[in-house]
Amino acid sequence: MEVKNIRLSKSVIGQEEIDAVTQVLKDEYLGMGKYVQKFETELSGFFQRDATLVNTGTAALHLALQCTGVGRGDEVLVQSLTYVACFQAIQATGAKPIACEVVPETLTIDLEDAAQKLNSRTKAIMPVHYAGNVGDLDGIYEFARKYGLRVIEDASHAFGTFYKGRQIGSFGDICCFSLDGIKNITSGEGGVIITDDIKVQKFLKDARLLSVENDTESRFRGTRTWDFDVKHQGWRYHMSNIMAAIGSAQLTKFPVFREKRQSLAKLYQKKLAGHVNLVKCDYNEVVPHIMVIMADPAKRDHLKTVLKDHGIAAGIHYKPNHLLTMFCGNQDNSTLKRTESVYAQLITLPLHPDLSEDNVLFICGIIKGTL
Ligand SMILES: Cc1ncc(COP(=O)(O)O)c(C=O)c1O
């Protein structure tokens, strides 16, 4: 039996990132300074909108919620099938995450279910661009307009994805990306918030530095603010120069990463069509962070074991949040039949820019031979 060593995901790092970090170390200014300013400017150019860098995607979601005024007593609609980061970020504001169903074809939030869960406490909706797929984003914005909700997009999986010809992050209310080690680009760990809302931008730039007023501007000048005021709750969520240097180097490589992720996903799509259910996705627009398939629940765990025996790492994205102890006590989150049915079928296959086409063919061969 042929046994390989195929990782589910990985950082793809070259000499450029090593040189960039080495330069920061030589400068002996490791915290938030000119490299963060540079990366922020580059990302503003990439999205054609203001960018605020923070130290994780979770921090990005938390700050975005806080800066739009979501807090104690409020509710936020979010799909249960997402990373726990979304639920924790909502909970951290004092608000309650309301777990919603997903549309089985796209694995994005089901607006019919969300509409059932609306009430006077609902302040925001957090659509999750699952696996890079955006679903009915126009419908989500229409829903939000109708009910007066803020939209905090969790685009952690969707760096570089387009929707109807427009790049995610370049439009909409507030868009949050994760830049953790395995995302479409990375800054080691990291996150970025993109918005046109000037009030929110100002709030974000202070709140990431403990809400010390105007500290962002001081640090970008290489100084600190000594005589300052603080008017809001803030956090130590800022990005460091080390992280930003990695991020800048990765951004220049993104066109190559994009091409590789899309072509590998298309190959998976072509080879697996008719054998497993695939997320409905156009990989000319979507830059996938993960490659998710849905297999017969009776065979799913066996398939995962067979893949493991062949040295192929696989994952499950995600255990739905309404099944987690911290969130299951919430009456509104009690049962989500469609989400639970999808969860029983999910398997995530390896996907990263260093994966070869031969490896994809090998993986698809094992899947077809097992199911
Ligand atoms: C859907 C989703 N949201 C939020 C996050 C949180 O991002 P971070 O790990 O950068 O905090 C992740 C990270 O994997 C994610 O997958």
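**Reading the interface between two domains**

Me: How many salt bridges are counted between domain 1 and domain 2?
Reply: In this predicted model, the count between the two domains is one salt bridge. A salt bridge pairs a side-chain nitrogen of Lys or Arg with a carboxyl oxygen of Asp or Glu within 4 Å. Here R338 is joined to D110 in this way, with the closest N and O atoms 2.5 Å apart.

Me: Where do the domains begin and end?
Reply: The domain assignment of the chain places domain 1 at 15-248 and domain 2 at 254-370. Their C-alpha centres lie 25 Å apart.

Me: How many residues of each domain are in contact with the other?
Reply: On the side of domain 1 there are 41 residues, which touch 34 residues of domain 2.

Me: What area do the domains bury between them?
Reply: The buried area is about 3100 Å², and 57% of it falls on carbon and sulfur atoms. Within domain 1, the residues that lose the most area to domain 2 are L81, E101 and N184, which together account for 18% of what that side buries.

Me: How many residue pairs are in polar contact across the interface?
Reply: The rule finds 19 such pairs between domain 1 and domain 2, counting residues at pLDDT 80 or more.

Me: Which elements of domain 1 give two or more residues to the side that touches domain 2?
Reply: They are α4 (84-92), β3 (96-100) and β8 (162-163). The largest share, five residues, comes from β3. By residue type, this side of domain 1 divides into 19 nonpolar, 13 polar and nine charged residues.

Definitions and conventions:
Residues numbered from 1 in each chain as written. Predicted model: local features only at pLDDT ≥ 70, side-chain atom pairs only at ≥ 80, totals over all residues. Heavy atoms only, no water. Domains from an automatic or database assignment. Contact = heavy atoms within 4.5 Å. Buried area = accessible area lost by both parts, 1.4 Å probe. Polar contact = N/O pair within 3.5 Å; in protein donor to acceptor, adjacent residues only side chain to side chain. Helix = DSSP H or I, 4+ residues; strand = E, 2+ residues; numbered from the N terminus. Nonpolar A, V, L, I, M, F, W, Y, C, P; charged D, E, K, R; others polar.
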